[in-house]
Number of protein chains: 2
Amino acid sequence: MKRNLYLNIQEKEQALSEFLKALPYAMPGIERIAVTESRGRMTAEAVYARCSSPSYNSCAMDGIAVISAHTKGASEDHPAVLKPEKDYVEVDTGDLLLPPYDAVIMAEELIEEGDGTVRITAPAHPLAHVRPAGEDIVAGEMVLPSNHVIRGIDIPVLLAAGIRRIPVVRRPVVGILPTGDEMVDAAEQNTAEQNAAEQNAAARYEGEQSAEGDAGGAPPDGKILETNSWMFFHLVEENGGTAVRWPIIPDDPKQLSQAVEEAAESCDLVIVNAGSSAGRDDYTVHVIRSLGEVLTHGVAIKPGKPVILGKVRGKPVIGLPGYPVSAYLTFTEFVIPVMNRFLKREERPAQEAAARISKTLMSGLKYEEYVRVKLGVVEGQLIAAPLARGAGASMSLVRSDGFCVIPRSSEGIMAHEAVQVKLLRPLEEIEKTLVVTGSHDIILDVINDLMLEQNTGMNLSSAHVGSLSGLIALRKRETHLAPSHLLCEEDGTYNTAAVRELFPDEQMVIIKGVRRRQGFIVKKGNPKGIRTAADLTPQIRYINRQRGAGTRVLFDYLLKQEGIDPAEITGYENEAATHMSVAVAVQKDNADTGMGIYSCARALGLDFVDAAFEEYDFVTRPAYLELPYLKEFLRVLTSGEFRERLEKLGGYSFEETGEIRYV
Amino acid sequence: MKRNLYLNIQEKEQALSEFLKALPYAMPGIERIAVTESRGRMTAEAVYARCSSPSYNSCAMDGIAVISAHTKGASEDHPAVLKPEKDYVEVDTGDLLLPPYDAVIMAEELIEEGDGTVRITAPAHPLAHVRPAGEDIVAGEMVLPSNHVIRGIDIPVLLAAGIRRIPVVRRPVVGILPTGDEMVDAAEQNTAEQNAAEQNAAARYEGEQSAEGDAGGAPPDGKILETNSWMFFHLVEENGGTAVRWPIIPDDPKQLSQAVEEAAESCDLVIVNAGSSAGRDDYTVHVIRSLGEVLTHGVAIKPGKPVILGKVRGKPVIGLPGYPVSAYLTFTEFVIPVMNRFLKREERPAQEAAARISKTLMSGLKYEEYVRVKLGVVEGQLIAAPLARGAGASMSLVRSDGFCVIPRSSEGIMAHEAVQVKLLRPLEEIEKTLVVTGSHDIILDVINDLMLEQNTGMNLSSAHVGSLSGLIALRKRETHLAPSHLLCEEDGTYNTAAVRELFPDEQMVIIKGVRRRQGFIVKKGNPKGIRTAADLTPQIRYINRQRGAGTRVLFDYLLKQEGIDPAEITGYENEAATHMSVAVAVQKDNADTGMGIYSCARALGLDFVDAAFEEYDFVTRPAYLELPYLKEFLRVLTSGEFRERLEKLGGYSFEETGEIRYV
């Protein structure tokens with residue numbers, strides 16, 4: 001089989017600088033556009049006023065225009081009397097002031113006689129309340145310099161200076177070529193049908209039962225929704241370019257060559273996605289080489305290794321990898337610098353901040369690795385919680401507040417070490433974040449949603465590491481709240497024992513959360529007839545939770561009660577990180593059953609076998625109760641909307657919700 | 001004459017809060033739009049994944065799919081031999097993984113025999129290099145919460161979650177009604193003609209002579225370019241609304257009522273401009289009252305007093321004043337809060353910083369006054385230089401870096417006092433600003449333009465206060481550079497004497513600038529036949545410069561030489577702040593002549609009578625020579641482009657340009 005393994009894995013900086021050197025320095029150039037459509041564009045040269053404003057001597061007040069000489073000596077005791085059309089004419093602000101009149105008196109200062117004559121009690125000096133021509137703008141003066149990004153407020157001033165069209169830097173046109181036989185356009189759908197289906201989906205998630213497991217919108221098996229081209233489209237537009245998206249191109253060298261030639265012809269920059277890796281059908285690198293030249297194939301960054309930097313007809317052609325995170329990262333590292341060059345824009349380095357990493361990150365020496373993190377401030381210390389690192393973890397792009405870079409020379413970062421984080425969100429927003437680390441429950445999303453609805457900027461950021469790891473994070477002062485449902489095997493109580501054990505000499509607070517139904521998530525109709533742990537015979541494939549997860553503790557407890565050795569459970573070593581992942585594993589037949597909460601089974605239209613009714617609480621420090629966003633959290637936790645939302649989800653009850661226990 | 005004087009001047013805060021209370025709380029509501037068009041919009045409710053991603057178990061690598069059981073025990077010494085289609089099938093990243101295959105081995109790890117069989121030297125555990133369904137996104141999980149502003153990066157993830165349409169907060173529709181018989185639409189022009197004319201204008205400004213005085217684009221006398229509606233249009237769009245602009249409405253109550261009713265019918269918010277002051281033709285307040293109610297007419301802010309806050313058919317109708325600065329200020333203070341309410345957006349207070357004001361600001365007790373300032377950092381101290389305060393000074397909106405508010409209770413701020421400044425530009429940009437205070441010359445704009453062309457962010461900000469005040473600002477450490485052309489009457493030398501006098505015990509630096517032609521700016525053909533100061537008989541109207549201006553010092557010197565008493569000069573007391581203002585005063589016949597530099601006369605196509613060839617230099621401190629932006633200034637000052645630009649302007653020479661003199 002024909003495969004092209006990477007010949008020259010390059011350092012990112014080197015690859016980029018060589019690529020930029022190889023490009024023609026020529027900008028996309030200048031275009032003249034209507035001033036009224038120029039907001040957000042950058043001036044290509046200095047702009048000069050064509051006319052003065054005001055363009056004539058004009059009245060600066062509503063009142064009367066007078067001949068200043070006729071007002072000399074007017075006073076309270078000896079007012080001057082002015083006759084209409086002879087000594088004065090009525091004028092409004094903006095009116096033209098014509099000789100012999102050379103001054104204006106405000107309406108408020110006039111004493112009107114019945115007969116049209118007016119009395120004034122003070123003289124008007126020449127040009128009083130008159131705007132001389134050019135007072136605001138003088139013809140020929142520079143209104144805007146070069147390289148100025150035009151704001152809304154600039155536009156009326158340009159117009160007042162007699163300017164109708166303005167020379168701006170042309171937006172680079174970026175051609176986007178999605179490829180792949182397995183791809184289907186994620187945006188091509190009957191929107192009406194979608195609209196309806198989607199509402200049902202949300203509705204069902206909010207509670208009503210439903211037969212079908214999946215909410216729909218999924219591609220047929222073996223097909224993949226093509227979403228990267230839409231990511232590039234919007235990133236290009238966000239960064240000041242004009243994006244042109246090609247229809248999906250099949251894995252056929254001829255069709256791909258033709259498209260790349262077309263694009264190189266009509267665009268300033270071409271992106272080919274994907275087919276940049278070493279796959280059997282990855283023709284991209286051959287096509288670019290045959291049409292022009294390939295400068296780089298493979299860069300030492302992770303994710304993102306299989307990047308192609310090439311030229312066709314002197315135009316930059318960039319092959320980006322297919323995994324969404326790789327695609328995003330390589331776009332920002334290689335496409336944006338080229339766009340900045342076109343746009344004559346200075347590189348703005350991302351804002352950085354010093355943080356403490358909450359989890360050990362191992363990393364290979366082969367690559368410079370980019371790790372996305374969630375951020376929060378606990379006791380004045382910025383805490384970075386690493387998100388899923390997989391190249392396919394696109395949700396981590398949506399959730400991340402920033403990222404840190406593990407250099408190629410390093411094998412990783414140990415937990416609690418200091419790291420530099422590049423911020424994707426302003427610090428003042430991050431400072432309003434309640435950090436929640438521990439056991440997972442979908443109600444955390446609901447609480448965050450209800451906090452955000454208030455529009456105070458206060459929000460909740462949750463990391464799902466299991467109950468025990470959450471409490472350890474709390475002990476290390478890396479979280480405000482630790483959601484926990486740890487069962488004490490002795491007395492069957494929840495959380496108190498674990499807290500006392502982990503915080504021997506510190507008084508802590510348990511905020512009582514919700515009671516929730518824990519049990520076995522099974523396929524519709526429970527085909528394997530699972531009722532208790534005892535039913536988990538070797539031919540039943542189980543999906544477990546990670547170590548330290550309360551649900552795993554509960555499962556071990558049930559096995560113990562039944563006197564079953566974990567080794568007998570098929571799939572005991574297969575770990576999922578959340579209840580939802582357990583549910584989807586069952587739904588997609590990666591397992592027959594796994595333990596999780598009722599609401600997740602219901603969300604995917606699966607069946608559920610009750611095993612326990614557990615207490616899901618929030619552990620914190622007394623001092624943290626004073627934090628504004630923790631107060632807001634408590635308000636939401638005890639609110640009516642919160643109960644309504646949970647009742648729709650099902651499987652929760654509220655016996656002690658919001659009660660504060662010092663332990 | 002019918003005038004409506006303000007009955008109830010209100011405090012801004014009170015007027016606004018009462019207005020917001022009076023509005024229906026109803027938002028513009030929700031609309032469902034295509035995800036691919038949702039960037040920049042705000043989610044109206046939480047959005048849940050409709051499908052999982054990946055939607056099936058898929059291969060995570062290019063290589064072969066195998067049955068893990070068949071690979072058990074494979075090692076370097078005992079490789080496993082796999083047969084095509086029986087033990088393995090070739091797969092690419094993203095391919096569907098179907099039973100019996102349950103693991104993937106990377107292409108890089110294969111040893112290929114000629115016959116299609118492959119050898120592997122390590123076992124593959126179940127699900128090795130497999131992406132389980134739902135690894136990235138799980139159906140039913142919350143993808144985005146409420147009130148989330150959708151970014152480019154969110155869009156592919158929404159699509160991957162099977163979402164095609166998304167509920168967002170509807171953009172409020174803002175109707176903009178320009179009014180006034182004297183108004184002409186600033187945007188309505190034959191753009192082709194404009195385009196040409198404009199190029200000529202720029203060209204002429206860059207040097208070629210021209211007969212006509214004005215560069216064109218000006219309205220006929222008595223008419224005013226209507227530009228406010230375009231300011232509102234772009235400020236509305238910048239702030240997340242949809243702007244609808246009406247054609248200019250004449251000062252006729254019937255037509256205005258009709259338009260207001262239409263707008264209140266079809267829009268969420270209506271802006272009427274202007275006709276909100278006490279003018280004879282100001283029907284706006286009557287119209288709003290007759291159609292609905294007027295809550296406020298007149299607010300105690302300056303500029304901006306004549307604001308109308310009213311309601312028609314339950315819709316907010318806001319009357320804004322006509323002067324551009326008043327219009328801008330009242331828009332930001334009254335329209336934006338209402339839009340934020342519609343958009344469920346939290347009020348973001350402007351970033352503030354402590355500064356020292358460089359000039360005394362007197363202010364009346366009647367109003368809270370907003371003063372726009374230019375900002376720069378000198379020796380670590382943020383310096384705020386007040387810009388033109390007139391309600392008509394729209395250029396001050398373009399030039400300002402921030403503004404400070406003089407409370408109603410205060411009579412003003414003394415020079416060098418501390419003030420809080422609301423920033424309109426980020427501090428890191430302001431910190432790259434070379435502060436230049438002193439004598440005016442249009443070459444300062446050229447230098448700034450050439451600095452900005454480098455795209456380093458370094459720029460020059462100039463305040464025109466005259467040579468002497470500039471040197472005093474330098475002494476007070478409120479400027480980096482003081483451009484000066486102060487003549488020493490004893491020996492006819494420039495600047496050195498003045499510097500020595502003002503800085504008796506400090507060594508200073510004079511950066512030699514340019515020599516420039518100073519003289520009498522006169523109308524085309526010099527109708528009054530002015531040759532020297534001796535020709536300034538009483539019937540000649542002179543326009544002078546402000547005290548401390550080098551040009552005024554020069555004029556006084558010429559008068560002295562001719563033995564003329566300033567009192568004999570008609571208009572000696574009329575002061576203009578810049579050479580350009582002098583030129584336009586002559587052009588517009590506010591004066592017969594005034595002293596200024598050749599380039600300004602030429603820019604307006606006027607004639608010029610030489611009087612002196614003076615030295616325009618830049619005074620600074622030795623220490624400042626180390627500042628990066630001052631170095632950049634020196635680079636530009638001595639560059640070829642700079643000379644070329646000035647040779648086009650005419651009237652300059654470069655004998656000692658860039659030389660550094662310690663005095």
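Guide: Start with one term. A strand is a DSSP run (E) of at least two residues, and strands are numbered from the N terminus. One more point before we look: this is a predicted model.

Visitor: Where does Asn526(A) lie?

Guide: Asn526(A) sits in a loop of chain A. Strand S32 (509–522) stands on one side of that loop and strand S33 (542–545) on the other.

Visitor: Is Asn526(A) buried or exposed?

Guide: Use the cut-off: buried means under 20% relative accessible area. Asn526(A) has 9% relative accessibility, so Asn526(A) counts as buried.

Visitor: Which residues does Asn526(A) touch, not counting residues up to four places away in sequence?

Guide: With those left out, Asn526(A) touches Arg531(A), Asp607(A) and Val609(A).

Visitor: Let me step back to the whole chain. How many helices and strands has chain A?

Guide: Chain A holds 17 helices and 38 strands.

Visitor: What radius of gyration has chain A, and what would a compact globule of 663 residues have?

Guide: A compact globule with that many residues would be near 26 Å, but chain A has 35 Å. The spans give another view. The C-alpha trace of chain A covers about 115 × 70 × 50 Å along its principal axes.

Visitor: How many of the 663 residues in chain A, in percent, are buried?

Guide: Buried residues make up 60% of them. Contacts add to the picture. Take the contacts in chain A with a separation of 6 or more: 79% of them join residues 24 or more positions apart.

Visitor: What is the accessible surface of chain A?

Guide: The accessible surface of chain A is about 25,000 Å². Carbon and sulfur atoms own 53% of that area. As for charge, chain A carries 70 positive and 93 negative side chains. The centres of these two sets are 6 Å apart.

Visitor: Now a residue in a helix. Where is Ser467(A) found?

Guide: Ser467(A) belongs to helix H11 (residues 467–475) of chain A. Ser467(A) has 0% relative accessibility, so Ser467(A) counts as buried. Look at what surrounds Ser467(A). Leaving out residues up to four places away in sequence, Ser467(A) touches nine residues' worth of neighbours, among them Gly438(A), Pro483(A), His485(A) and Gly550(A).

Visitor: Why is helix H16 of chain B largely enclosed by the rest of the structure?

Guide: Count the buried residues. H16 of chain B runs over residues 628–637, and seven of its ten residues are buried, so the helix is largely enclosed. The buried residues of H16(B) include Tyr629(B), Glu632(B), Phe633(B) and Val636(B).

Visitor: On to backbone angles. What is phi of His129(A)?

Guide: First the general idea. Most residues other than glycine have a negative phi, and most peptide bonds are trans. Now the case here. Phi of His129(A) is near 50°, a positive value in a residue other than glycine. His129(A) is in the loop between S9 and S10 of chain A. At 31% relative accessibility, His129(A) is partly exposed. In chain B, phi of His129(B) is near 50°.

Visitor: Which peptide bond to Pro54(A) is cis?

Guide: The bond from Ser53(A) to Pro54(A) is cis, with omega near -5°. Pro54(A) lies in the loop between strand S2 (47–48) and strand S3 (58–59) of chain A. Chain B has a cis bond from Ser53(B) to Pro54(B), with omega near -5°.

Visitor: What does Leu127(A) touch, not counting residues up to four places away in sequence?

Guide: Under that condition, Leu127(A) touches Asp102(A) and Ala103(A). Leu127(A) and Asp102(A) are 25 residues apart in sequence, but 5.5 Å apart in space, C-alpha to C-alpha. Leu127(A) lies in the loop between strand S9 (118–120) and strand S10 (130–131). With a relative accessible area of 37%, Leu127(A) is partly exposed.

Visitor: Last feature. What turn lays chain B on chain A?

Guide: Two copies of a chain are related by a rotation about an axis and a shift along it. Here the turn is 180° and the shift along the axis is 0.1 Å, and chain B then lies on chain A with an RMSD of 0.1 Å. That is the relation of a two-fold axis. The same surface serves both copies, as 99% of the contact residues of chain B recur in chain A.

Visitor: Which residue of chain B comes closest to the rotation axis?

Guide: Pro426(B), whose C-alpha is 6.9 Å from the axis.

Conventions
Residues numbered from 1 in each chain as written. Chains lettered and ligands numbered in written order. Predicted model: local features only at pLDDT ≥ 70, side-chain atom pairs only at ≥ 80, totals over all residues. Heavy atoms only, no water. Buried < 20%, exposed > 50% of the residue type's maximum accessible area, 1.4 Å probe, protein only. Helix = DSSP H or I, 4+ residues; strand = E, 2+ residues; numbered from the N terminus. Rg over C-alpha atoms; globule rule 2.2 N^0.38 Å. Contact = heavy atoms within 4.5 Å. Areas by Shrake-Rupley, 256 points an atom, 1.4 Å probe, with all protein chains shown as cover. Lys, Arg positive; Asp, Glu negative; His and termini not counted. Charge placed at Lys NZ, Arg CZ, Asp CG, Glu CD. Least-squares fit on C-alpha atoms with pLDDT ≥ 70 in both.
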